[in-house]
Amino acid sequence: SSEYKALSPETLADRLGGLDVMKKTVGRNAEGWTVREVGDGNLNLVFIVEGEAGSVIVKQALPYVRLVGDSWPLPLKRAFFEYHALIRQEARDPGSVPEVLHFDETQALIIMERLQPHIILRQQTMEGRKVEGLGRAMGLFAARTAFRGSDLSMKAGDKKADQALFAGNVELCDITETLVFTDPYYDAEMNRHTTPQLDGIVADLRRDEALKVEVQHMKRAFTSRGETMCHGDLHAGSIMVTDTESRVIDPEFAFYGPFGFDIGMLIGNYLMAYHAMPAHISDANACGEFQAWILEVIEETWSVYCAEFLRLWRTERTGILYPKALYEDQGHDFASESAAQQLLGEIFRDLVGFAGIEMHRRILGLAHVAELDTIEDEDLKAKCEAKCLKLGQMLVMNRNRLTGMDAVLAAARQTETG
Ligand code: SR1
Ligand code: MG
């Protein structure tokens, strides 16, 4: 039937067995397929389907928020935005995302390449396992998607049309506007701050008017500065890794927003992992060494981002912004180099603010992170969370003063050692 119906492990083979793409990639004998529902995210169904020819991922949106239940309806059209974001990300940073094999808008489902033996980045780091090349891969992904999805690169009409298309992702943006930028800073109904030892710190933070003003400035940037197509939810659960490879998944929150949004959310997640690490690696030396690696990843992500953004600026700048003609008639392109540096400075200040806010909402809001939530020792959990809240506040308040990523990392080290 053409009406939407949620799949189940029992019905999937019957419903998708006739698709050519499934016959080819999984196998013709649908009755022999193994189907497992493995979704551990907050919103969707995710199935691994295995057969004699291979395996795929089938991701299907539910008409509500999985984390909360059907009391919170959420439109199926998010699968449409995820599909459109995936194909754009593939074009802008080839090989960075799973290959899309099939999209069915009515059923809100995407059949895609199964990344194997990849696991979620959080899981990898919580086990104390590094990922070679993580900083480089994510710096390239963030820079290429930012640059190539913007007025620096796209034709003005294409960019405006694309921006109009993604403007329809209203409900997912509303989740971010509410859960990230608003709820954590007051006693909102959906908040889930679960560590009583933090009550005093949380009350102080919510009384901090200057902080809330800054957060509202960042929220305004999120809602009104449509600079590029952002992934929209780039955290350590949206990256799948092996020991040597990193791929990005789950761009259903895609929207046109500030250049610094994705990389800022990502760095906020790395900083939370940094402060949570003593709970996951008991040996102090091994823990310190792993924490140092996380900071190196942050440093590399940002330096690769800057280098790649500059390379694209010099070689691919064809959009309406900072046109070469404006600078080249002076016989050199120095002016545009300084414009690029100024823009990277602005991106840096934004990313620092977004990182700090992400660190707050993952403790005070509805959606938490496993690095902190799985800590069983309540006192240790409170200690790690308090560090994240403190660093988050420092970043939001000082984003215009910090001189560079080194200063962010120095602040993290200082917060960690007290
Ligand atoms: C109700 S959705 C909660 C969170 O899950 C997603 O991964 C986003 O981060 C969102 O804020
Ligand atoms: Mg997700």
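Strands β6 (residues 100-104) and β7 (residues 109-113) pair in the antiparallel sense, held together by four bridges. In this pair, H102 of β6 sits opposite I111 in β7. Four residues lie between the two strands, which form a hairpin, and in the turn you will find A108 with a positive phi of about 50°. Bear in mind as you look around that this is a predicted model.

A second hairpin comes earlier in the chain, where three residues join β4 to β5. Strand β4 (residues 64-65) and β5 run antiparallel and are joined by two bridges. One facing pair to look for is Y64 with P73 in β5. How many of the five residues of strand β5 are buried? The count is zero, so to speak a bare strand: β5 (residues 69-73) is hardly covered.Further along, three strands make an open sheet in the order β8-β10-β11, with antiparallel pairing. Its edge strands are β8 (119-120) and β11 (246-248), each of which pairs on one side only. Strand β10 (residues 239-241) is joined to β11 by three bridges, and these two strands run antiparallel. Here I239 stands opposite V248 in β11. It helps to remember a general point when you inspect such strands: in a regular strand the side chains alternate between the two faces of the sheet.

Now turn to ligand 1. Which residues surround ligand 1? They are N42, L43, V65, L67, I175, T176, L179, D233, L366 and A367. By character, this shell divides into seven nonpolar residues, two polar and one charged. Helix α7 (residues 170-180) gives the most to the shell, with three residues. The shell also draws on two domains, taking at least three residues from each of domain 1 (12-113) and domain 2 (119-417).

The UniProt record offers another way to divide the chain. In an unreviewed entry, UniProt places the feature "domain: Aminoglycoside phosphotransferase" at residues 34-269. Over residues 34-269 the chain is 39% helix and 22% strand, and the C-alpha atoms at the two ends are 34 Å apart.

Next, follow the helices. Does α10 (261-276) lie enclosed or open to the outside, and why? All the evidence is in the count: 16 of the 16 residues of α10 are buried, so this helix is largely enclosed by the rest of the structure. Its length also agrees with expectation, because 16 residues at 1.5 Å a residue should span 22 Å, and the end C-alpha atoms of α10 are 23 Å apart.

Between α10 (261-276) and α11 (284-316) runs a loop that holds I281. Why does I281 count as partly exposed? The reason is that I281 has 18 C-beta neighbours inside 10 Å, whereas a buried residue needs 20 or more and an exposed one has 12 or fewer. I281 also shows how the fold brings separate parts of the chain together: I281 and M126 are 155 residues apart in sequence, with 8.2 Å between their C-alpha atoms in space.

Finally, look at helix α15 (residues 378-398). This helix has 21 residues and reaches 30 Å from its first C-alpha to its last, close to the 30 Å expected at 1.5 Å a residue. Buried residues in α15 include K381, C384, E385, K387, C388, L389 and L391, and also G392, Q393, L395 and V396. As you trace them, keep the helical repeat in mind: an α-helix has 3.6 residues a turn, so residues three or four places apart point the same way.

Terms used. Residues numbered from 1 in each chain as written. Chains lettered and ligands numbered in written order. Predicted model: local features only at pLDDT ≥ 70, side-chain atom pairs only at ≥ 80, totals over all residues. Pairing = 2+ DSSP bridges. Expected span 1.5 Å × (residues − 1). Near = placed C-beta within 6 Å. Nonpolar A, V, L, I, M, F, W, Y, C, P; charged D, E, K, R; others polar. Domains from an automatic or database assignment. UniProt positions renumbered as here; feature names shortened; annotations may be inferred.
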